[in-house]
Amino acid sequence: MNTQQPFKLILIFLIAFFNKVSAQDFINPAIISFEDSINQNWSTPSPSSISTSTAHYKHGKQSLQWKYEQNSELIIDQDINFKPFDPNAIDKSIPTFCVWVYNETPKDEKIKFQFLTDNQVNCEFEFGINFKGWRAAWVAFERDMKGIPETTMNKMKILAPESNSGTLFFDHIMLCTPADSRWNTPDYQVPFVNAKTKNHWLILYKSSLNQAREKLIPLTQKQIKGIQTINKRYRKEVIKKVKVNEKWLAKIRKAYNKHKISRNGEQISGKVMWFCRFSEIYKPYKKDFKNYHNKKNKDFKTYTKLMFEIASAYNQTDNTEYKNELEELFFNMSDHLIDQGWAEGSANGTLHHLGYSMRTYYTAYFLMREPLIRTHRAEQAQKAMEWYSGVKEVFAPIHEKGMSIDAFNTSVMGRLASILMLEDSPEKIRYLKAYINWINNGLAYAPGVKDSFKVDGSVFHHANNYPAYANGGYDGATKMVYFFSRTPFHVAEEGHRILKKSLLKTRLFCNKETWPTSMSGRHPNGKGKLSAQHYMFMALSGTPDGKNKIDAEMAAAYLRLMEGKKATKTVKKLLKQGYQAEADPNGNWTMNYAALGIHRRDNWSATAQGHNRYLWAAEHYIGANYYGRYMKHGQLQIISGDKTPSVFTSGFNVNGWDWGRFAGTTAIHLPIEKLRANILNVDLFTGYEEMLISDEVFAAAISIEGKNGAWAMKLHEHDKYNGSHRATKSVFFFDNRIICLGSDIENTNAEYETETTLFQNYLNEESESIMFNKDEINQFPFNQISQAKKASLLTDNVGNSFYIPAEYTVEVGKQLQHSKDQKKETPNKGNFATAVIKHGKAPKGESYEYAILVQSTHNELVQFAKQMNKKKKKAYTVLQKDKQAHIVKDHASATTAFALFEANENVNQSGLNSVSAPALVMIKDKGNSKVMSLCDPDLHLYEGEADVVIENGKRKERSVYSRDWVRNESQVSKIQVSLKGEWSLKASDYCKLINNKANETILEFTCQHGLTREVELIAK
């Protein structure tokens, strides 16, 4: 027998098949396509018929055409390969059926998909066919279908409607494939899919059912004028400025022709277009499944961007020939878009995170509103915009304050565009009023760790303060405030104030524009930065109370952020009107919904950040932040620079970065391979991601008089990695002096050293010097371990000086470091200067102490060391450093700062006798008076023991989204303190005097949200 003959036949078949299938389609046996003769497993009883067709296709160049009669069946005899969902498996994907259906003639009927074992129906679902064009469905067997699926299923039937004949086309069928349980999207065809989802991307069907509750009332001239103002502002903001000429048109024609759009009578066809997220269904079959369609230039985002460019050009030319051509191109693209399934009521299988791909979709249609009205296309376009933007959610009853920051980023502009597409009418006014109420609720303070805004200025997404997402959210939120300002539909004063406060806080932790790497989420590349434009919109929106047309505070912030940049029209306008840039912010602030302390002087900033039982330590995704496990393990980052401070002018560089050495962190110094996150899909609440939280509650900051402050945390690494690792850490901020303490450092890792990192700074040149004690270190490489009897004195290469008492072992180095890209995992390298305090292997009861003189010379450090050697001239004194408390007295500011990790009846330091609960306290002496501030570090989202599950003796990894406390309000707490002496209390909303006799004063502070409570005390 010639064994090669069958192989040759298979090869010939595959070559022929691949030649027929578009080179840009993903091909896999799991996908049923129809590029050759119909598989013999398919059948349909006469008089119905099946054949391949090139009239419509979604995969390759052909589909299966079924001409059906009433009650007929289309059958495929083939193993379904159903495997039940395994809750104990690492992969939490669920078995799902996927199909694309094309209908030429809408019918108010349904077809039925049945899955059988031989002739026994096991499960089924219905699919509505009241549409024209392509539609898709992702239907989970166990969750979405009726009946009970079985592993023995070996047949699928499609049942025709009972009362009609017709024709349907099928393509890209996947009988059973794993799919992320979160993203199957219900729509008009399959409204029962993923019915319990509350994900804001996926509730389009549910939102479409909402009805307005307010009665229609006649328009007023004031409202019409307001709409005109909003239209004008929206158009000015979204339009892309282009110079329309033959050269530009040639470029547009070339891009348009790539889509191969053609008409045959009423039928339009062209290149298949996909939503980028659809490729996620290929995950089990292709390693680089993400953005597959984007890479093949067949994605929705690219397509609608071209539509937007055509629409922008149409609005910026008076040439009649150009306008006619542009109009034709736009209409062809729009009609093809609708035919591909982008129409009212269609979810195309999944629409998760659709807003990121649809920014130009809405604006394109908005800019073409007039020609769409003229050609009777406007209603269809508006209905589709209304569907995809989910705008009818604004009519839903409001049950909870706040909304996803993603909505501010990606939904608000589309929703507004869909409303502005309506004719001026009472209905439009009703929409606008409901829309603004929805915006107002979105700007309100949200409970727990839910999106978006918090009372301390934090902006939440993914259950944490997240500037990268906030930045996108600010884009939509500030535009809404601006677009509607000084119209009858303006945003409420409270929401306006909340947004303003949040933006002002953001410009405090950013310097000048970049935010600290500890706050960079899963993108620790140093590139994240705020946008000055947000401050511009708020300045132009006027004050929250509406009394001033320009908000002077926001204008000043905007002008500072624009210094050194090309002056915009708004900059010139504000300067002409007499507004001036603010000085660099100086002071101390807290954000305990981020476990963050902020300290600023001159043009430098310092931030300390941690994590606790509410806030995760780091976010890891597949292909994002594989190594940044220690980012919030107490990172203390100083951002400085002569003109434009940034993380890059302050020592950060991803090339060669040692991901185990973030400044200020106490960590086991692991090789990079052991730092790599083991990213799992741990439950049905999440995808493949890791966000580990602690079982410790203490991670917070306090401020006094807005000038100085302190930060502290009880560090306990998650059991997934090194659960034995613990440390008690604190940072005290006094002017340009930062004192860092650590105690009770322990773990059982006897293989690798435990270290506290002082700094890790990139060297632009090998010869770049650092100062170590009396020596200027120019040589490269360099390594030295200090075991001196005197304090170690260090000045790094970016101008910060470090004082480390003699009892601590310091290792200083300049070396070439090899690392990996946090996203692609490709190797990289770079030259760095580093300094660490060494705690040894498997430390027990280890500690550290060091002080930083920010942006100071080595000579100043030497003088500081001399002061520290003289008891009466010491800059600071450590009064206590153990698991109970870290207490530091700063002599220059006459301030004592307490990190009290436990309730303590015998503090007995600097006039503080006792405290009834863990707290941060600061006391500043002023002769016959004191200023005292107190902070409860616990956000009190729940009480009692930490919400952990122990499995095999270790804390189990669980998604933060699975916790039942995530939407709890921060509860009010009360903390009593006893002070030595008799003091009277100035009036306070948050503190009351319980007792002040017998040389003792007892105060009770009312705390919430981790906010600092500050009072003034007068000696009696």
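So, to start: the expected span of a helix is 1.5 Å times one less than its number of residues. Keep that in your heads for a minute. And before we go on, this is a predicted model.

Okay, helix α11. It covers residues 378–389, which is twelve residues, and it reaches 16 Å from its first C-alpha to its last. The expected value at 1.5 Å a residue is 16 Å, so the helix comes close to that by the definition we began with. How many of the twelve residues are buried? Nine of them, so α11 is largely enclosed by the rest of the structure. The buried ones are Ala378, Ala381, Gln382, Ala384, Met385, Glu386, Trp387, Tyr388 and Ser389. If you want to see what covers them, look at α3 (204–208), α9 (359–367), α10 (369–374), α12 (405–420) and α13 (426–443), which are among the covering elements. Right after α11 comes Gly390, and its phi is positive, near 65°.

Next, helix pairs. Two packed helices are described by the angle between their axes and the distance between the axes. I've got two pairs to show.

The first is α5, residues 246–257, with α7, residues 300–314. Their axes come within 11 Å and cross at roughly 150°. Anything over 145 degrees counts as roughly antiparallel, so that is the label for α5 against α7. The crossing of α5 and α7 is left-handed. On the α5 side the contact uses Trp248, Ile252, Ala255 and Tyr256, and on the α7 side it uses Leu306, Glu309, Ile310 and Ala313. If you're looking at the numbering there, remember that an α-helix has 3.6 residues a turn, so residues three or four places apart point the same way.

The second pair is α16, residues 532–540, with α17, residues 552–562. Here the axes are 8 Å apart and the packing angle is about 150°. α16 and α17 are therefore roughly antiparallel to each other, and their crossing is left-handed. Which residues meet? From α16 you have Ala532, Tyr535, Met536, Met538 and Ala539, and from α17 you have Met554, Ala555, Ala557, Tyr558, Leu561 and Met562.

Right, on to sheets. One is an open sheet of four strands, in the order β16-β17-β18-β20, with antiparallel pairing. At the edges sit β16 (587–591) and β20 (635–639), each pairing on one side only. Neighbouring strands of this sheet are turned by 15° against each other on average, direction ignored.

Let's walk through part of it. β16 pairs with β17, residues 596–601, in the antiparallel sense over five bridges. For a register check, Thr590 has Gly597 of β17 as its bridge partner. The hairpin of β16 and β17 has four residues between the strands, and Ala595 takes a positive phi near 50° there.

On its other pairing, β17 runs antiparallel to β18, residues 604–609, over six bridges. Gly597 turns up again here, standing opposite Ala608 in β18. The hairpin of β17 and β18 has two residues between the strands, with Asp602 at a positive phi near 50°.

Now, β17 itself: buried or exposed? It is mostly covered, with six of its six residues buried. In a regular strand the side chains alternate between the two faces of the sheet. For β17, one side has Leu596, Ile598 and Arg600, the other has Gly597, His599 and Arg601, and all of these are buried. Yes, that list includes both arginines, Arg600 and Arg601.

One residue to connect with this sheet is Ser703, which sits in strand β23, residues 699–704. Ser703 has 8% relative accessibility, and since the cut-off for buried is under 20%, Ser703 counts as buried. Leaving out residues up to four places away in sequence, Ser703 touches Asn588, Trp589, Thr590, Asn708, Gly709, Met922, Ser933, Thr1012 and Glu1014. Thr590 in that list is the partner of Gly597 from a moment ago.

Last one. Another open sheet has four strands in the order β39-β44-β47-β46, again with antiparallel pairing. Its edge strands are β39 (912–915) and β46 (991–997), each with a partner on one side only. The twist averages 20° from one strand to the next. β39 and β44, residues 973–980, pair in the antiparallel sense over three bridges, and Leu912 stands opposite Leu979 in β44.

That's my tour, thanks.

How values were computed. Residues numbered from 1 in each chain as written. Predicted model: local features only at pLDDT ≥ 70, side-chain atom pairs only at ≥ 80, totals over all residues. Heavy atoms only, no water. Pairing = 2+ DSSP bridges. Axes fitted to C-alpha atoms, helices over the stretch in contact; angles between N-to-C directions. Buried < 20%, exposed > 50% of the residue type's maximum accessible area, 1.4 Å probe, protein only. Contact = heavy atoms within 4.5 Å. Parallel < 35°, antiparallel > 145°, perpendicular 65-115°, else oblique. Left-handed = near helix turned anticlockwise from the far one by under 90°.
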